[in-house]
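I opened a new model today and kept notes as I went. Here is what I looked at.

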Amino acid sequence: MTDLDQLTQSLARNLKHWRAERGFTLDALAARAGVSRGMIIQIEQARTNPSVGTTVKIADALGVSITTLLDYEQGPQVRIVAPEEAVRLWSTDAGSFTTLLVGAEAPGPYELWDWRLMPGDNSSSDPHPPGTVELLHVRAGTLTLVVDGEEHEVPAGASATFEAKVAHGYRNDGAEPVEMTMSVIIPPVR
């Protein structure tokens, strides 16, 4: 079984688990996530690998982190994630990528990400649920952070935080790679 097959099976199993845990029907989850009922069925039957954006929307609608959606059987209170176990969710041919390092569910989903954006690359995100906060620290390069259409320069060594309930994105307009660490804190589903 390939890594992609394992990811597909894990996502299918966990989506079924968390949808049942939350008591959401297929239609209710589809409406909350803004994705089609058919897409959710395909994911639960392990017949498709959704885009990162679709996966984020479903995780947000369920009120869980992507880490939890990919593997809810986390075991004891201490969880060590080896570098080879971190989940790469997005990449470009130019060498940009995002890696979900680790996530937790206290008191709502909390995620820690490693990002690399190559010169000229960008990544955009739909709004997250109200109350979602992102924190980031740029280790190298200069990040152009775009929040609700407004651009903010974040140089190496600087940090930023913002409410992620609006469209937002990350862009590298510079000549060297941008490397950053980002945390996402998502409020629990009520």
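These are my entries, taken helix by helix and then strand by strand.

**Ground rules.** I am working with a predicted model, where local features need pLDDT of at least 70, side-chain atom pairs count only at pLDDT 80 or more, and totals for chains, interfaces and linings use all residues. Numbering runs from 1 along each chain as its sequence is written, and side-chain values use heavy atoms, with hydrogens and water left out.

**Helix H1.** I began with H1, residues 3-22. Helices are DSSP runs of H or I with at least four residues, strands are runs of E with at least two, and both are numbered from the N terminus. Leu4 sits in this helix. I looked up its relative accessible area, and at 47% Leu4 is partly exposed. My scale calls a residue buried under 20%, exposed over 50%, and partly exposed in between, with a 1.4 Å probe and protein chains only. I also checked Leu4 against Ala164: they are 160 residues apart in sequence and 29 Å apart in space, C-alpha to C-alpha.

Ser10 is in H1 too. Ser10 counts as buried, at 9% relative accessibility. What does Ser10 touch, leaving out residues up to four places away in sequence? I found Leu69, Leu70 and Asp71. Contact here means heavy atoms within 4.5 Å. From Ser10 to Glu44 the C-alpha separation is 9.6 Å, and the two are 34 residues apart along the chain.

**Helix H2.** Next came H2, residues 26-33, whose buried residues are Leu26, Leu29, Ala30 and Ala33. Why do they line one face of the helix? Seen down the axis of H2, they fall within an arc of 100°, so they share a face. The arc is taken from the directions from the helix axis to the C-beta atoms. I noted the general rule: an α-helix has 3.6 residues a turn, so residues three or four places apart point the same way. The cover over the buried residues of H2 includes H1, H3 (37-44) and H4 (52-62). After H2 comes Gly34, with a positive phi near 75°.

**Helix H4.** I counted burial here as well. Eight of the 11 residues of H4 are buried, so the helix is largely enclosed by the rest of the structure. Among them are Val56, Ile58 and Asp60. The buried residues of H4 pack against H1, H2, H3 and H5 (66-70). Gly63 follows H4, and its phi is positive, near 75°.

**Positive phi outside glycine.** Ala46 is not a glycine, yet its phi is positive, about 55°. Ala46 lies in the loop between H3 and H4. Its relative accessibility is 21%, so Ala46 counts as partly exposed. Asp148 is another non-glycine residue with positive phi, near 55°. I found Asp148 in the loop between E6 (142-147) and E7 (150-155). At 58% relative accessibility, Asp148 counts as exposed.

**Strand E3.** Is Glu111 buried or exposed? Glu111 is buried, at 4% relative accessible area. It belongs to E3, residues 110-117. The side chain of Glu111 makes a polar contact with that of Trp113, at 3.1 Å. A polar contact is a pair of N or O atoms within 3.5 Å; within protein, one must be able to donate a hydrogen and the other to accept it, and residues adjacent in sequence count only if both atoms are side-chain atoms.

Tyr110 is in E3 as well. At 34% relative accessibility, Tyr110 counts as partly exposed.
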